[in-house]
Structure formats: structure tokens, C-alpha cells
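Got your viewer open? Let's take a walk through this structure, one selection at a time.

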Amino acid sequence: MSPHRRFGCLSILALLAIPACQSRPVSVATPEIEPDVADLAPLSVTGDTSWRISANTDLRMHTVVPPGGTVASAAGTVASPIAPEPVPDAAPVASPVAHPTHISAAATFAAISPATVNTDPSDDMLVGNEGPGVLRTQVLLDRAHFSTGVINGKDGQNVEKAVYFYQEQNGLTPTGKLDRATYDKLVEQVGVQDGVVKYTLTDDDAAGPYMWIPTSVYDQAKLPCECYASALEMLDERFHTVTDVLRKLNPGFDFVNPKAGAELWVPNVEPFNAETLKRTADAEPTLKPIVKIHVSKNGRYLQALAADGSIVYHFPTTVGSEYDPSPSGVYHVQGVLWHPVFHYDPTLYSDVSDSRPKATLPPGPNSPVGIVWIATTKDHVGIHGTPLPHTIGLASSHGCVRLTNWDAARLAAAVRDGVRIEFAN
């Protein structure tokens with residue numbers, strides 16, 4: 001992963017590259033993690049279950065848009081809710097499925113290999129806390145558009161959120177825990193898929209450019225790009241995963257000096273390439289149009305909703321803290337900027353001396369706002385990527401809404417100007 005960046009809630013001017021926004025640069029607040037501030041300390045991966053309160057509420061509150069319903073916004077008239085129609089109360093949420101006290105050796109992280117991940121998992125492999133069954137299910141959830149953030153072969157609250165909403169949307173009792181019925185429904189929906197596949201490195205993969213990203217914004221400003229630090233970091237992001245998983249799948253592989261033509265095992269997801277981003281949703285024509293983005297601040301997830309209230313995309317997200325909260329209320333998408341330039345202004349950062357100079361950071365996947373910025377009609381607040389995907393949903397920001405770069409790209413490719421954004425407590 002790229003080195004930790006100690007930025008606060010900064011503000012930038014995005015140099016917009018899309019015609020609709022060239023006339024009005026968007027002021028962007030850029031949150032980053034300050035782990036030495038109590039309110040911004042990382043949350044427990046598995047111990048925090050407060051998201052369930054928000055999730056249970058959202059089962060009842062997802063708005064259904066009347067057929068042909070529209071609402072006017074600054075960006076024009078778009079399909080969006082006017083008023084919620086009555087939605088029947090959701091069925092009571094069952095208690096989480098208890099994990100067994102004895103876990104077989106097949107349900108451990110150490111058991112991950114191409115062979116075990118590509119073998120249909122046994123029931124105990126699904127209900128274990130980690131291992132091949134969890135990793136394969138994360139791949140299927142990703143392909144079903146219920147993202148768990150990084151695919152790490154481990155259970156946790158991001159996995160539980162994705163499973164919870166997937167179960168509810170597909171007629172299963174929402175528990176948030178993996179089980180055979182959920183796995184079978186995923187296979188039915190996305191087809192029989194191997195959990196990992198072989199990938200052949202290209203000349204561009206081997207060549208980079210790769211460069212270490214310094215901590216200082218002024219040193220970063222001297223770089224030609226906020227590129228990946230290494231081929232390993234690029235592969236992590238391309239296949240939505242983490243270094244530990246790639247190393248476990250490919251023991252002995254030379255990640256330090258990878259050669260073009262070399263083969264390695266990777267999670268079987270739609271590859272993310274920061275240099276060739278999708279500009280439209282044409283690659284997924286079956287997706288329902290997104291008419292609303294629901295940001296659950298307490299639940300730490302974002303959902304893109306269709307007019308019938310169904311979930312088009314579910315993403316874990318990092319939102320504001322108690323001291324630097326994300327907004328509440330209704331706003332709209334104002335534009336999308338790919339590869340944003342980052343303008344550092346210390347006068348907008350309370351913990352930095354105003355006497356320090358401004359700086360302009362080049363674009364790239366390790367930019368503080370990642371590879372895409374989705375502007376909103378709320379000043380200083382946007383939805384954007386991150387150089388730290390492993391922190392998504394597990395730490396607080398300084399106000400903006402952060403997604404992994406690959407999830408941010410999916411959302412940016414599918415939304416249109418004027419789409420309604422609801423920030424809910």
C-alpha cells in the first residue's frame with residue numbers, strides 16, 4: 001500500500017475536464033485519516049455492529065419512486081424521488097448466525113490457494129471467519145455489485161454489510177452472515193465462477209511508471225504523477241485485493257521485479273485499470289438507471305438506488321467524524337472529474353500554519369482524492385477515491401465520502417448530473 005498521508009480536511013479546486021463543469025470549478029474537501037486523533041481512530045474490523053441499526057432502518061426507508069417521477073435540480077430535471085411511497089415494514093431482522101466454536105483447517109487464511117479457492121466451499125468454509133470460502137464469496141459479491149471493499153479473504157463488518165443487503169434484496173433473511181443459501185443465490189445470479197484466475201503481466205504492467213509517494217505534499221508536488229509505488233500495489237488495486245492475498249495465491253512469485261509475460265493468480269473480478277477508466281455504463285447495459293445515492297453516515301455505506309428502490313450498487317464508505325462531519329440532507333450530483341488535480345491550500349486547514357505555501361499535486365491513483373471526483377451541490381463535499389483502500393469503512397474522514405478507487409470508478413461511470421444524493425444519519 002502507499003505510505004500513510006497525514007492530510008486534514010483540505011480544500012482543492014478541481015480543474016474540471018468535462019464541459020458541463022468547466023465554467024464552475026468545484027471546491028473539494030479532501031479528508032485523510034489522522035489516527036492520533038481519538039475521533040478518527042480506526043474502527044474495529046469485526047467488533048463494531050452499530051451499522052446494523054442503520055441497515056435495519058434502511059430496509060424500511062429506501063424510497064420507491066413513482067413511475068415517471070421527476071424532480072428539478074440545478075443540473076436539470078432528472079428521474080428522482082418526489083415523495084416516498086409507503087413501504088411495508090421489513091421482516092424482523094434475525095440474529096446474526098453464530099460462528100462455530102471449532103473451525104476446520106480448510107476455513108483459515110493459511111488454507112488459501114488457487115485450488116482451495118476454486119473448489120466449491122463446504123458449509124464450514126462459508127461460516128468461518130476467513131479462508132478460501134470467504135474469499136470466493138467476496139469475489140461473487142463484488143461481481144453482483146455488493147462490494148466488500150478490499151477482497152482480503154476475511155470476514156468483517158464490510159463483508160457483513162454487503163451480505164446483509166444482498167440477502168434482503170434477494171428474498172433471504174438478512175443476517176449479515178455467510179451461509180449456504182446466500183452462496184447458492186450468488187452462484188445462481190452471477191453464474192458458476194472460479195474465485196481466482198490466471199493473469200499474464202503485460203509490458204505496461206512491468207514498466208510502470210512506479211514511484212514511492214513521499215509524505216510531504218511539497219515533495220509530492222514535484223512528482224510527475226501520483227502513481228503506484230510498485231507493481232504489487234497496482235496489482236492489489238487492479239484486482240480489488242490486498243498484498244497478503246496475492247502473496248498467498250502466488251508463493252515464490254517475484255513481485256519486486258515482475259517480468260512481462262509472467263503469470264499469477266488473481267481474484268476473478270472485473271479488473272480495474274486507473275489508466276483506462278470506463279467513461280460510460282455501456283459495459284453493463286443491464287444495470288437499472290441510478291436515480292438516488294443514499295449515504296448512510298452511521299452505517300458507513302453508500303448505495304446507488306434505482307427508481308423501484310432496489311440497490312444497483314452497494315459500497316462500503318468512509319464518511320466524516322464527529323468533529324468534521326459529512327453533511328445531512330439532500331444534494332445532487334454536479335459533475336464527474338476523472339484524474340483530478342489536487343490543490344493544497346493551508347489556509348483551509350486549521351492545523352497547518354497559514355504561512356506555508358500552496359501546492360499543486362499531480363493526478364494519479366495515489367492522489368488524496370484517488371482517480372475520480374464526483375462533485376456535489378454541497379460546497380467542499382464530494383464522493384471520491386482514495387489511496388488507502390484497506391481503510392474504507394474502517395476509519396473516519398474529515399467530511400467527504402470516500403470509496404475504493406474501483407468502486408468510485410463504477411459509481412462515476414454510472415451516475416449522471418442531477419442524481420439525488422441523500423445523506424442520512
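Start by selecting His240, which counts as buried because its relative accessibility is just 1%. Keep in mind that you're looking at a predicted model. You'll find His240 in the loop between helix 9 and helix 10. Check its backbone too: phi is positive, about 60°, even though His240 is not a glycine.

**Back up into helix 9**

His240 follows helix 9, so that the helix is an easy next stop because it covers residues 231-238 and is mostly covered, with eight of its eight residues buried. Click along Ala231, Leu232, Glu233, Met234, Leu235, Asp236, Glu237 and Arg238, and you're clicking on buried residues each time. What covers them? Turn on the surroundings and look for strand 5 (196-200), helix 7 (203-207), helix 10 (243-249), strand 6 (263-267) and helix 11 (405-414), which are included in that cover.

**Over to strand 5**

Strand 5 was in that cover, and Thr200 lies in it. Is Thr200 buried or partly exposed? It counts as partly exposed, because its relative accessibility is 38%. Now show what Thr200 touches: leaving out residues up to four places away in sequence, you should see Asp205, Gly261, Ala262 and Glu263. Try a distance as well, from the C-alpha atom of Thr200 to that of Lys259: the two are 59 residues apart along the chain, and the separation is 9.6 Å.

**A cis bond after helix 7**

Go on to Gly208 and Pro209. A cis peptide bond joins this pair, with omega at about 15°. Pro209 is found in the loop between helix 7 and helix 8 (217-220).

**Helix 5, end to end**

Next, select residues 157-169, which make up helix 5. How far apart are its end C-alpha atoms? They are 18 Å apart, and that agrees with the 18 Å that 13 residues should span at 1.5 Å a residue. Eleven of those 13 residues are buried, so helix 5 is largely enclosed by the rest of the structure. The buried ones are Gln157, Asn158, Val159, Glu160, Lys161, Ala162, Val163, Tyr164, Phe165, Tyr166 and Gln167. After helix 5 comes Gly171, with a positive phi near 75°.

**Where helix 5 meets helix 6**

Keep helix 5 on screen and add helix 6 (residues 180-190). Two packed helices are described by the angle between their axes and the distance between the axes. Here the axes of helix 5 and helix 6 come within 11 Å and cross at roughly 70°. That makes helix 5 roughly perpendicular to helix 6. For the contact itself, show Val163, Tyr166 and Gln167 on the helix 5 side, with Thr182, Lys185, Leu186 and Gln189 on the helix 6 side. Colour them by class and you get three nonpolar, three polar and one charged residues.

**Helix 6 again, with helix 4**

Leave helix 6 where it is and bring in helix 4 (residues 132-143); the axes of these two come within 10 Å and cross at roughly 45°. That makes helix 4 oblique to helix 6. The crossing of helix 4 and helix 6 is left-handed. Arg136, Thr137, Leu140, Leu141 and Arg143 of helix 4 make the contact with Tyr183, Leu186, Val187 and Val190 of helix 6. Colour this set by class as well: six are nonpolar, one is polar and two are charged.

**Two loop stops**

Jump along to Arg300, in the loop between strand 7 (292-296) and strand 8 (301-305). Arg300 has a positive phi, near 60°, in a residue other than glycine. Arg300 counts as buried because its relative accessibility is 9%.

Then find Ser367, in the loop between strand 12 (359-361) and strand 13 (372-376). Is Ser367 buried or exposed? It's buried, with a relative accessible area of 0%. Which residues is Ser367 in contact with, leaving aside neighbours within four places in sequence? Show Glu226, Pro340, Phe342, Pro362 and Pro387.

**Zoom out**

Finish with the whole chain in view. Its secondary structure comes to eleven helices and 16 strands. Of the 425 residues, 57% count as buried. Among contacts between residues at least 6 apart in sequence, 66% join residues at least 24 apart.

Notes: Residues are numbered from 1 along each chain as its sequence is written. This is a predicted model: local features need pLDDT of at least 70, side-chain atom pairs count only at pLDDT 80 or more; totals for chains, interfaces and linings use all residues. Side-chain values use heavy atoms; hydrogens and water are left out. Helices (H or I, at least four residues) and strands (E, at least two) are DSSP runs, numbered from the N terminus. The expected span of a helix is 1.5 Å times one less than its number of residues. Buried means under 20% relative accessible area, exposed over 50%, partly exposed in between (1.4 Å probe, protein chains only). Axes are lines fitted to C-alpha atoms, for helices over the stretch in contact, and angles run from 0 to 180 degrees between N-to-C directions. Angles under 35 degrees count as roughly parallel, over 145 as roughly antiparallel, 65 to 115 as roughly perpendicular and the rest as oblique. A crossing is left-handed if the near helix is turned anticlockwise from the far one by less than a right angle, and right-handed if clockwise. Contact means heavy atoms within 4.5 Å. Ala, Val, Leu, Ile, Met, Phe, Trp, Tyr, Cys and Pro count as nonpolar, Asp, Glu, Lys and Arg as charged, and the others, Gly among them, as polar.
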